Amino acid sequence: MNELLNGQCHCGAVTFTSGAPARTVVSCHCHLCRAMNGSAFSTYVIVDTEQLVVDMALLNTYAVTDNATRYTCRVCATPLFNRNLKLPGLSMVYLGCVHGLQKAGLKPQLNVYCDDQLDWVGQLMVDSSTQCFAQGVG
């Protein structure tokens, strides 16, 4: 995970770069992430907000909760990243938007909200070295 990140939305209108490597990669299994993304869980690349370079004028924002804001492309609605007041200084970039995932060696280092994890998801997790937390971190 020592590579600098770059990526884009589906249509290419919004691109981003990070001036520093990812801090970690997290898979969240909470109900809110499932509902927001229409998936079994969401995987995020955690980066320092001050290092994330993106044209904010091209983004829509949505207040998911009092603490969390979701940022999406105004053109194609691709979710790009989230920010949470409980995690100051960090941006959670959606893994699927990042270029060169295999080369960058990005894979989840921990799972959060495992109490909410769907029963069958455990069958997908063949790497038992990935940490798992019953609730969120922080």
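Trainee: Hi! In what sense do strand E8 and strand E9 pair, and over how many bridges?

Mentor: Hi there! This is a predicted model, and in it strand E8 (residues 79–84) pairs with strand E9 (residues 90–94) in the antiparallel sense, over 3 bridges.

Trainee: Thanks. Which residue is the bridge partner of Arg83 in E9?

Mentor: That would be Ser91.

Trainee: And what's the strand order in the open sheet?

Mentor: The sheet has 8 strands, ordered E6-E7-E8-E9-E4-E3-E10-E11, and the pairing is mixed. Strand E6 (59–63) and strand E11 (131–132) are at the edges with a single partner strand each, so one side of each has no neighbour in the sheet.

Trainee: Let's look at E3. Is strand E3 largely enclosed or not, and why?

Mentor: Largely enclosed by the rest of the structure, because 5 of the 5 residues of strand E3 (residues 24–28) are buried.

Trainee: Which way do the E3 residues point?

Mentor: Thr24, Val26 and Cys28 point one way, while Val25 and Ser27 point the other way, and all are buried. As background, side chains in a regular strand alternate between the two faces of the sheet.

Trainee: Nice. What about the partners of E3: which strand runs antiparallel to it, and which one pairs in the parallel sense?

Mentor: Strand E4 (residues 42–48) runs antiparallel to E3, and 5 bridges join the two. Strand E10 (residues 110–112) pairs with E3 in the parallel sense over 3 bridges. Cys28 is a good residue to click on: it stands opposite Ser42 in E4, and its bridge partner in E10 is Val112.

Trainee: Changing topic, how many helices and strands does the protein have?

Mentor: There are 2 helices and 11 strands. Along the sequence they follow the pattern β-β-β-α-β-β-β-β-β-β-α-β-β. The radius of gyration is 14 Å, close to the 14 Å from the globule rule for 138 residues, so the protein is as compact as a globular protein of that length.

Trainee: What box do the C-alpha atoms fill?

Mentor: Roughly 40 × 35 × 25 Å, taken along the principal axes. Buried residues make up 40% of the 138 residues.

Trainee: And what share of the contacts with a separation of 6 or more comes from residues 24 or more positions apart?

Mentor: Those account for 50%.

Trainee: Last bits: what about the surface and the charges?

Mentor: The accessible surface comes to about 7,700 Å², and 53% of it belongs to carbon and sulfur atoms. As for charges, the protein has 8 positive and 9 negative side chains, with the centres of the two sets 5 Å apart.

Methods:
Residues numbered from 1 in each chain as written. Predicted model: local features only at pLDDT ≥ 70, side-chain atom pairs only at ≥ 80, totals over all residues. Heavy atoms only, no water. Helix = DSSP H or I, 4+ residues; strand = E, 2+ residues; numbered from the N terminus. Rg over C-alpha atoms; globule rule 2.2 N^0.38 Å. Buried < 20%, exposed > 50% of the residue type's maximum accessible area, 1.4 Å probe, protein only. Contact = heavy atoms within 4.5 Å. Areas by Shrake-Rupley, 256 points an atom, 1.4 Å probe, with all protein chains shown as cover. Lys, Arg positive; Asp, Glu negative; His and termini not counted. Charge placed at Lys NZ, Arg CZ, Asp CG, Glu CD. Pairing = 2+ DSSP bridges.
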